[in-house]
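I opened this notebook page to record what I looked up, entry by entry, with the cut-offs beside each term.

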Amino acid sequence: TDFSPAASNAVNYAADMAKAIDADLLLLHTFFPFITYSSVPTLIDTDVLKENAELSIDQLKKQLEHKCGNSLNIKTIVKMGTFINELESVCEDIQPYAVVMGSQGSSATDYRFFGSHSVHAMQQLKWPVITVPRGAQFSEVKKIGLSFDFENEIDRDHLKGIKKMVQDFNAELHVLNISKKNQHSPHAIFESGVLMEMLATVKHKYHFIVNENIDEGIIDFAEKNNIDLLIVMPKQHNLLDKLIHGSHTKQLVLHSHVPVMALQD
């Protein structure tokens, strides 16, 4: 969290998710000293930055404890350094169930935050990263969507984690395949059969949709079918490139009410 409105919304989402699956919550804030320019360049006092951050994160912890009735085990960490390096270091230490971040907010600052921190986390972390849209609140996870391109082989480690999440929330998994034409290669048909066998132990449904714009079709399906959490494999659909460089697609994702979880290879 950077204590912005977008991040605070994600913190509340993460706290409610942790309660739902009886998990612990770790609040992480990173800061980096910077220079102010007036008549003389001045380096901001790192001790002051750290003290202010620790006050803010302690206050946030108390608010969450009050909200959750002290039923949630919450820890806090304040670290100085570059965002992605410190986040990755903490993840290596605690091996998180998921990293939860705000996807965007109403201000230009929040928008830039999504365009840098959240996207970098989705690109680089080997742990699941959930981005929470503005205004999205955690509720019972009944439907988990998985967008999958059957032209690629199935990552068994990813699938194991997805199945565990479906079971943890006692949810139903909706496997979505979107193609630009109403036909599939022999390899895709084979992979769909393999996946069906591997998902035999969890509740699941298949959806095959034709749409010229794959990422737009994914978001449209998620919203129309009341998907509570949408899982995407960014490398399969070049989704992150479109998040960063696209315009129409970017708006669809940023303004979707559906939280998105990215799984990297």
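Entry 1, a core residue. I began with Ile-144, which, leaving aside residues up to four places away in sequence, touches Met-165, Val-166, Ala-171, Glu-172, Leu-173, His-174, Ile-227, Leu-229 and Ile-231; contact here means heavy atoms within 4.5 Å. I note that this is a predicted model, in which local features need pLDDT of at least 70 and side-chain atom pairs count only at pLDDT 80 or more, while totals for chains, interfaces and linings use all residues. Residues are numbered from 1 along each chain as its sequence is written, and side-chain values use heavy atoms, with hydrogens and water left out.

Entry 2, the cores. I then looked up the largest nonpolar core (a set of buried Ala, Val, Leu, Ile, Met, Phe, Trp, Tyr and Cys residues joined through side-chain atoms within 4.5 Å), which has 35 residues, and of these Ile-130, Ile-144, Ile-162, Phe-169, Leu-173 and Leu-195 touch the most other members. Two or more residues each come from α1 (5-20), β6 (129-132), β7 (143-147), α5 (156-168), β8 (172-179), α6 (186-198) and β10 (229-232); helices (H or I, at least four residues) and strands (E, at least two) are DSSP runs, numbered from the N terminus. Another core, of 16 residues, lies apart from it and includes Ala-18, Leu-25, Phe-31 and Ile-57.

Entry 3, the sheet. I traced an open sheet of seven strands in the order β5-β6-β11-β10-β7-β8-β9, with mixed pairing, where two strands pair if DSSP finds at least two bridges between them. Its edge strands, each pairing on one side only, are β5 (99-102) and β9 (204-210). β6 pairs with β11 (residues 260-262) in the antiparallel sense over three bridges, and Thr-131 has Val-260 in β11 as its bridge partner.

Entry 4, His-29. I found His-29 in strand β1 (residues 25-31), and at 10% relative accessibility it counts as buried (under 20% relative accessible area, with exposed over 50% and partly exposed in between, for a 1.4 Å probe and protein chains only). Not counting residues up to four places away in sequence, His-29 touches Thr-1, Asp-2, Phe-3, Ala-53, Ile-57, Ile-77, Val-78 and Lys-79.

Entry 5, cysteines. I searched the whole structure for disulfides (pairs of cysteine sulfur atoms within 2.5 Å) and the result was zero. Cys-68 is buried at a relative accessible area of 6%, and Cys-91 is buried at 2%.
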